[in-house]
Structure formats: C-alpha cells, structure tokens
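Dear colleague,

I am handing over the structure below, together with some notes on what turned up when I went through it. Please read the notes with the coordinates open beside them.

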Amino acid sequence: MNKKMMILSTLLTFSLLAGCGNANENAPANENNHTSGHGASHDQAGNQAENQADNHGGHGAEQIPVSDNLKASFAFASGSAKANEETEITVQITNKDGSPVNDFEVNHEKLLHLIIVNHDLSYFAHIHPDFKGDGKFTINNAFPAGGKYKMFADFKPVGGSTTTLSEWMDVEGKEGEHAAVTPDSKLVKEVNDKEIELALTSTKAKEDVTLTFDIRDAKTKQGINNLEPYLGAVGHVVILSEDAGQYLHVHPLDEKATGPKAQFATSFPKSGTYKIWGQFQHRGEVITVPFVVEVK
Ligand SMILES: [Cu+2]
C-alpha cells in the first residue's frame, strides 16, 4: 500500500469508528458485545461514513457489510477469572446468525490481535491467541488485579474489512488504584534503557495526524537505527480514548523503517484524552511505551 492509500484507509476506518462510537454507547443492555469497530447499528454519522466508503468504491477488499455482520464472544474457559492466576480466554468469532467464522487473513503477521486494558488504562496487553477452529481463539493471561478489563479483538475476515469487536469483562479479586488518565506534560519517556520521544503533527480532532516516535539510547542519546520488525513493521501503535470507547487503527507510514524514527498515520475521531501505546522491537526485546495526549 502506498502512503496515499494508507491515509485513505485510515481515514475510512476512523470515519467508521467515529460514526459507530455513539451507537455503541446506546446499545441495549442485553447486547453483550460492544462493538467499537463496525457496529450493527448505524446512527446518522455512521451512515455518512458508510456513504463515504461507498464513494471510494475502488478500495479493494474493504467491504463493510461483512464486518457489520460479525460478532465476538469473549469468555473465560473456566467461567470466571481471578486476579494473578493464569486464565484461559476464549474469543469466538461468529456471524450474527451464530455460524462460526473460520477464514481470517493474516494481518500484521497474525490472524487475531487481542488488546486488553483495565478501567483506567494503566494495564495494557497485546497478545495473539491461537486459532482452534470453529471460529474460536484461545490464549492464557494473568490479570494483575480484580476489576473491569476491556478486550478488543482485532482481525480481518477473508473478504471483509479490518474489524475490532470488544467487550468489558470482570476479573475477581481486589481492585487496583483508580488513577486518572492524565495527559503527559512532556512526550518523552524512558523504557528499557531507551528514551522515546513522541511528536504529533496535530492534536485536533478529525485531522490527519502523523505520530513520530524518536527512539534513542537512554544513556548515550544516540538514535537507535537497528530496530527490528515487530509484527512485520517498524512498530505497532494502539490508541484508545480515555473511556476505552474508541479504538483507533494506526498504520505505519514506512513499514520497513528501522529507526531512530518510526512514523504512523492516524486521526482522532473527537476531542478528549487518548492513551497511545507504541511498541517496538530491539535486540529481540519488545518495548512498550505509553503516552497520554489531549485532543482538542
Ligand atoms: Cu497484535
């Protein structure tokens, strides 16, 4: 994909996310599946996004109806999860009629990406469940405390578009502190002996944004120019709104970059506080660096 296509694809995705966001908030209580991606119901904005997508008809396999028809059911294999205990998570992808979906495209080297965060976004996991057939994926995870966790399954069915389906799950046990998601005063962090600086070309909602991560050795301040591919690209970035209601897809501008700079394209659907996790690999080690930004 060239840069233009990537931006177009990103824009379309965000239009859809922005459009479906409100519909999700109003989802009936018995709807156990909060779709942060392409939800079943479309409000006015959602329809606009869909029309917009139709106008760009040449957009390859990204057809919306398939994703609209999908459902993800999240469960703990033993029925419940306890803090600090390995728990098997199952994610079952079905059509709305309950028939399992078994054909997935490899997307960033995996069939399905599972992102898990807790209520205040202080916990973040990005893991890759194994496909077991019958639409089912499983993986073990240990949750650090009790409380609510939101799980996002990110996948691409064959013939469909990139889809993100999510659900809040309860983990038994003592809850951790509830910390506020506070915007960083300086977008520089030190993680695993690396100093990572983030720059954004815009912090306004609905604008194209390029995120540039600059990765240096924390001691020498020398740029690191031998980043290794992580999930087939220079890095992987996940962005969530403060309430975890909006999950943003982010695309690297140059997948083959090796540092010290790694650039990604996105667009924030609305104003608010967002948490950004950048993930990079250097010398076999995955570095996860979080930032919090305020979008106006
Ligand atoms: Cu992944």
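In which strand does valine 237 lie? Before the reply, please bear in mind that this is a predicted model. Valine 237 belongs to strand β12, which covers residues 236-241, and its relative accessible area of 4% places valine 237 among the buried residues, because anything under 20% is counted as buried. Once residues up to four places away in sequence are set aside, valine 237 touches Phe213, Val250, Phe264, Ile276, Trp277 and Gly278. Alanine 265 is separated from valine 237 by 28 residues in sequence, and the C-alpha to C-alpha distance between the two is 9.8 Å.

The protein as a whole may help to place these details. The protein contains three helices and 17 strands, and of its 296 residues, 51% are buried. If one takes the contacts between residues at least 6 apart in sequence, 65% of them join residues at least 24 apart. The accessible surface amounts to about 13400 Å², and carbon and sulfur atoms account for 46% of that surface.

The metal site is the next item. The copper ion has three histidines as its protein donors, namely His113 through ND1, His126 through NE2 and His128 through NE2, at distances of 1.7 to 2.0 Å from the ion. Along the chain, these donors follow the spacing H-x12-H-x1-H. Histidine 113 sits in strand β3 (residues 112-118), whereas histidine 128 sits in the loop between β4 (124-127) and β5 (130-133), so the pair ties together parts that are 15 residues apart in sequence. As for exposure, histidine 113 is buried at a relative accessible area of 3%, and histidine 128, at 18%, also counts as buried because the limit is set at under 20%.

A further residue that I looked at is threonine 94, which is part of strand β2 (residues 86-95). With a relative accessible area of 8%, threonine 94 is buried. Apart from its neighbours within four places in sequence, threonine 94 is in contact with Asn69, Leu70 and Lys71 on the one hand, and with Ser99, Pro100 and Val101 on the other.

With kind regards

Notes
Residues are numbered from 1 along each chain as its sequence is written. This is a predicted model: local features need pLDDT of at least 70, side-chain atom pairs count only at pLDDT 80 or more; totals for chains, interfaces and linings use all residues. Side-chain values use heavy atoms; hydrogens and water are left out. Donors are N, O and S atoms within 2.8 Å of the metal (3.2 Å for Na, K and Ca); water is not among the atoms, so sites may look incomplete. Helices (H or I, at least four residues) and strands (E, at least two) are DSSP runs, numbered from the N terminus. Buried means under 20% relative accessible area, exposed over 50%, partly exposed in between (1.4 Å probe, protein chains only). Contact means heavy atoms within 4.5 Å. Accessible areas come from the Shrake-Rupley method with a 1.4 Å probe; for residues, only the protein chains shown count as cover.
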